[in-house]
Amino acid sequence: MSVKDYIRERFFPHIWCPGCGHGIVLNSFLRAVEQLKINKNKIVITSGIGCSARISGYVDFHSLHTIHGRALAFATGLKLSKPKLKIIVPMGDGDALAIGGNHFIHAARRNIDVTAIIMNNRIYGMTGGQYSPLSGLNIKASTAPFLTIENDFNIVELAKAAGASFVARTTTYHVLEAVTLLKKAIKHKGFSVIEILSQCPTYFGRKNKKGDACSMLELYKKNTGKIGSKKLNNNPDLIKRGIFVNNNKPEYCEEYEKIIQKAATAAAIRQI
Amino acid sequence: MTSKIKFVHGNEACVRGALYAGVNFFAGYPITPSTEIAEILSQKLPEQGDKFIQMEDEIASMCAIIGASLTGHKVMTATSGPGFSLKQEALGYACMAEIPCVIVNVQRGGPSTGNPTHVSQGDVNQARWGTHGDHSIIALTASNHQDIFETTVNAFNFAETYRTPVILLFDETICHMREKLIIPRKNDIPIVNRFRTSLKKHVDYHPYLPREDGRLPMSDFGDVHRYNVTGLFHDMWGFPSNNPKIVQELLHHINDKIENSIHEITKYKEHYLENAEYILISYGSSARSAIHMAKNRTQRGEKIGVLELQSLWPFPHALVREKCSKAKAVLVVEMNMGQILNQVKLALGDSKNVFLANRIDGNLITPTNIKALLRVIQGRGV
């Protein structure tokens with residue numbers, strides 16, 4: 001099977017700018033699905049609003065392109081109502097953690113079996129480069145002409161604290177690693193979060209003098225380190241890549257089956 | 001199975017109606033005065049092997065039911081004013097993406113937090129215009145528990161028939177008072193189930209291509225037809241489009257499918273209406289006071305009748321015009337500042353003989369309140 005078997009060519013060309021990292025994420029995601037050999041009819045991809053959210057239309061799965069920030073709430077309804085479905089939720093950093101922050105922490109707390117792919121480019125790209133909760137300090141954006149004064153979230157720490165049972169981080173430079181981590185995230189039973197640092201040369205890069213797409217990718221190579229690597233041990237300030245959490249907590253839909261059992265028993269007793 | 005007689009509050013009557021209609025997924029968030037609906041369903045749904053979830057907020061519960069509807073479930077959420085405000089964006093999404101769902105709004109006093117434990121009918125216009133953009137909507141109401149039951153069944157039927165969200169506009173008084181409810185036997189009220197495509201695998205399925213009768217067969221997420229659903233304007237495949245022809249046609253479609261079906265959707269009751277000189281137009285718990293007043297005055301030989309509306313949107317202008325053609329005066333009895341009054345004025349053109357008998361202080365409007373206004377109109381003084 002080739003990647004072409006997983007896309008809807010009618011939808012192309014895609015909307016992303018030249019040099020955008022999101023195409024790399026799409027490619028990695030499709031390779032992961034292909035290697036896992038999941039039936040296309042079993043996958044629902046649901047997304048909110050933003051550049052990253054457009055992934056849902058491009059792929060030949062059941063696709064639900066919803067409203068800004070709420071994809072995980074739609075995903076919860078999809079999954080709980082039909083647990084045999086594989087639910088994938090691609091989100092941007094603003095979509096997932098500004099407008100959608102509440103749904104993110106609660107999906108993690110429930111540990112519902114949904115895979116959240118957060119494509120973190122630290123900017124609102126679709127609307128023209130406004131700062132996001134992931135921009136961090138001293139960033140120039142179209143709504144921060146005097147640089148940002150807001151701290152950023154650490155997605156990994158946030159997901160951990162909220163209760164996600166699988167948490168990983170990689171970048172668009174590390175494509176093979178991304179495929180491996182995506183496979184693990186998709187296979188994981190429970191709420192899995194994978195943060196993929198993805199370059200936005202058009203808005204974040206240009207405004208902050210980060211160079212072109214290649215320079216931004218080079219930066220991911222330079223300023224990140226794989227957990228357990230010598231590079232990271234020598235320089236612990238680097239952004240960590242790899243798997244941060246991977247445990248087997250009770251999953252929400254499976255737990256719900258127990259409620260159904262309890263309710264049936266209680267109802268039967270009432271009948272007597 | 002024989003009929004079952006129950007003594008329940010209105011929220012429970014609504015739940016019973018929903019279960020009769022086949023609800024099998026509910027997502028909600030606690031809010032007075034609708035919480036009992038969630039509470040009862042948190043027990044009933046798992047008992048029958050179905051799903052209930054309390055979401056993190058009102059927005060999430062609206063989104064969750066839309067997701068569950070797409071997997072083929074009959075879905076509902078319940079709320080009140082502030083929660084209804086929060087649900088509006090996702091409600092508009094369901095209008096645009098044509099996803100069947102039922103939203104109960106047990107009205108309380110507003111705006112804002114308002115008067116949570118007291119009655120109001122202040123969300124009538126919000127039900128019609130709460131979400132942005134041109135769209136049509138179905139909103140139903142009821143004034144007693146038997147009607148709440150049947151109206152709730154109708155709401156599910158309309159949602160499936162027209163592939164649209166349907167709003168149940170109840171109110172605090174009707175949903176917190178208790179009275180008799182007779183559960184109809186199975187099949188006494190017809191049930192409309194999901195209309196699914198008969199197209200087989202590998203046959204091109206167009207989720208947004210209406211058939212000649214205007215209906216759009218659905219396909220469950222997880223089945224053989226993979227398609228796109230979006231809140232953007234979209235073509236017959238569900239793919240985003242800003243082609244002016246497609247935009248215009250879709251906007252016409254989501255409006256016309258409801259407005260053109262007003263005769264099937266409109267529900268109303270007449271009380272002492274024949275030869276009535278004075279007509280009270282009312283709905284929900286206000287209608288109980290109107291009916292009470294009309295009954296008393298009719299017994300004393302006066303000609304006062306009630307047109308009780310059970311569907312508020314699309315508003316039945318032609319019906320109101322027909323029923324009120326010979327009335328000396330029309331009184332709209334409602335607990336807001338004239339939301340249905342405006343529609344009645346629109347229907348009757350000459351607004352000289354249309355009056356508002358309202359109450360907006362959180363208490364139920366009484367027959368005496370209505371009588372006082374009627375006496376003034378009749379020139380008899382209070």
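**Exercise 1. Salt bridges between the domains of chain B**

Task. In this predicted model, determine how many salt bridges cross the interface of domain 1 of chain B and domain 2 of chain B, and examine the pair formed by D147(B) and K269(B).

Solution.
1. The interface of domain 1 of chain B and domain 2 of chain B holds two salt bridges.
2. For the pair D147(B) and K269(B), the closest N and O atoms lie 2.7 Å apart. The cut-off for a salt bridge is 4 Å, so the pair qualifies at 2.7 Å.
3. The domain bounds place the partners: domain 1 of chain B covers 1-265, and domain 2 covers 268-379.
4. Polar contacts between the two domains of chain B amount to 18 residue pairs, both residues being at pLDDT 80 or more.
5. Several elements of chain B each supply at least two residues of the domain 1 side that touches domain 2, among them β6 (115-119), β8 (165-171) and α8 (244-259). The element that gives the most to this side is α5(B), with four residues.

**Exercise 2. Extent of the domain contact in chain B**

Task. Describe the contact between domain 1 of chain B and domain 2 of chain B by its residues, its buried area and the distance between the domain centres.

Solution.
1. Taken over C-alpha atoms, the centres of domain 1 of chain B and domain 2 of chain B are 28 Å apart.
2. Domain 1 of chain B brings 30 residues to the contact, and domain 2 of chain B brings 25 residues.
3. The two domains of chain B bury about 2,100 Å² between them, and carbon and sulfur atoms account for 53% of this area.
4. Within the area that domain 1 of chain B buries against domain 2 of chain B, Q121(B), T141(B) and S143(B) supply 28%, more than any other three residues.

**Exercise 3. The interface of chain A and chain B**

Task. Characterise the interface of chain A and chain B by its contacting residues, its buried area and its salt bridges.

Solution.
1. The contact involves 41 residues of chain A and 43 residues of chain B.
2. About 3,600 Å² is buried between chain A and chain B, with 59% of it on carbon and sulfur atoms.
3. Five salt bridges cross the interface of chain A and chain B. One of the salt bridges in the model pairs D60(A) with R226(B), whose closest N and O atoms are 2.9 Å apart.
4. In addition, 21 residue pairs are in polar contact between chain A and chain B, both residues being at pLDDT 80 or more.
5. On the side of chain A that touches chain B, the elements giving two or more residues are α2 (55-58), β2 (62-65), α3 (71-81), α5 (101-110) and α11 (252-271) of chain A. With eight residues, α11(A) gives the most to that side.

**Exercise 4. Cysteines of chain B**

Task. Count the disulfides over all chains, and explain why C101(B) is not bonded to the closest cysteine sulfur.

Solution.
1. A disulfide is a covalent bond between the sulfur atoms of two cysteines.
2. The count over all chains is zero disulfides. C63(B) takes part in none, the nearest cysteine sulfur being that of C101(B), 11 Å away.
3. For C101(B), the closest cysteine sulfur is in C95(B) at 8.0 Å, which is too far for a bond. The cut-off is 2.5 Å.
4. Both cysteines can also be placed by accessibility: C63(B) is buried, with a relative accessible area of 0%, and C101(B) is buried at 1%.

**Exercise 5. Surroundings of H174(A) and K87(B)**

Task. Is H174(A) buried or exposed, and is K87(B) buried or exposed? Locate each residue and list side-chain polar contacts for H174(A) and K87(B).

Solution.
1. H174(A) lies in the loop between β7 (166-171) and α7 (175-187) of chain A. Its relative accessible area is 14%; as the limit for buried is under 20%, H174(A) is classed as buried.
2. The side chain of H174(A) makes polar contacts with the side chains of T171(A) at 2.7 Å and R241(A) at 3.2 Å.
3. Leaving aside residues up to four places away in sequence, H174(A) touches Y220(A), K221(A), T224(A) and R241(A).
4. K87(B) belongs to helix α4 (residues 81-97) of chain B. K87(B) is buried, at 0% relative accessible area.
5. A polar contact of 3.4 Å links the side chains of K87(B) and T77(B). Residues touched by K87(B), apart from those up to four places away in sequence, are E58(B), S61(B), M62(B), T77(B), T79(B) and I103(B).

Key: Residues numbered from 1 in each chain as written. Chains lettered and ligands numbered in written order. Predicted model: local features only at pLDDT ≥ 70, side-chain atom pairs only at ≥ 80, totals over all residues. Heavy atoms only, no water. Buried < 20%, exposed > 50% of the residue type's maximum accessible area, 1.4 Å probe, protein only. Domains from an automatic or database assignment. Contact = heavy atoms within 4.5 Å. Buried area = accessible area lost by both parts, 1.4 Å probe. Salt bridge = Lys/Arg side-chain N within 4 Å of Asp/Glu carboxyl O. Polar contact = N/O pair within 3.5 Å; in protein donor to acceptor, adjacent residues only side chain to side chain.
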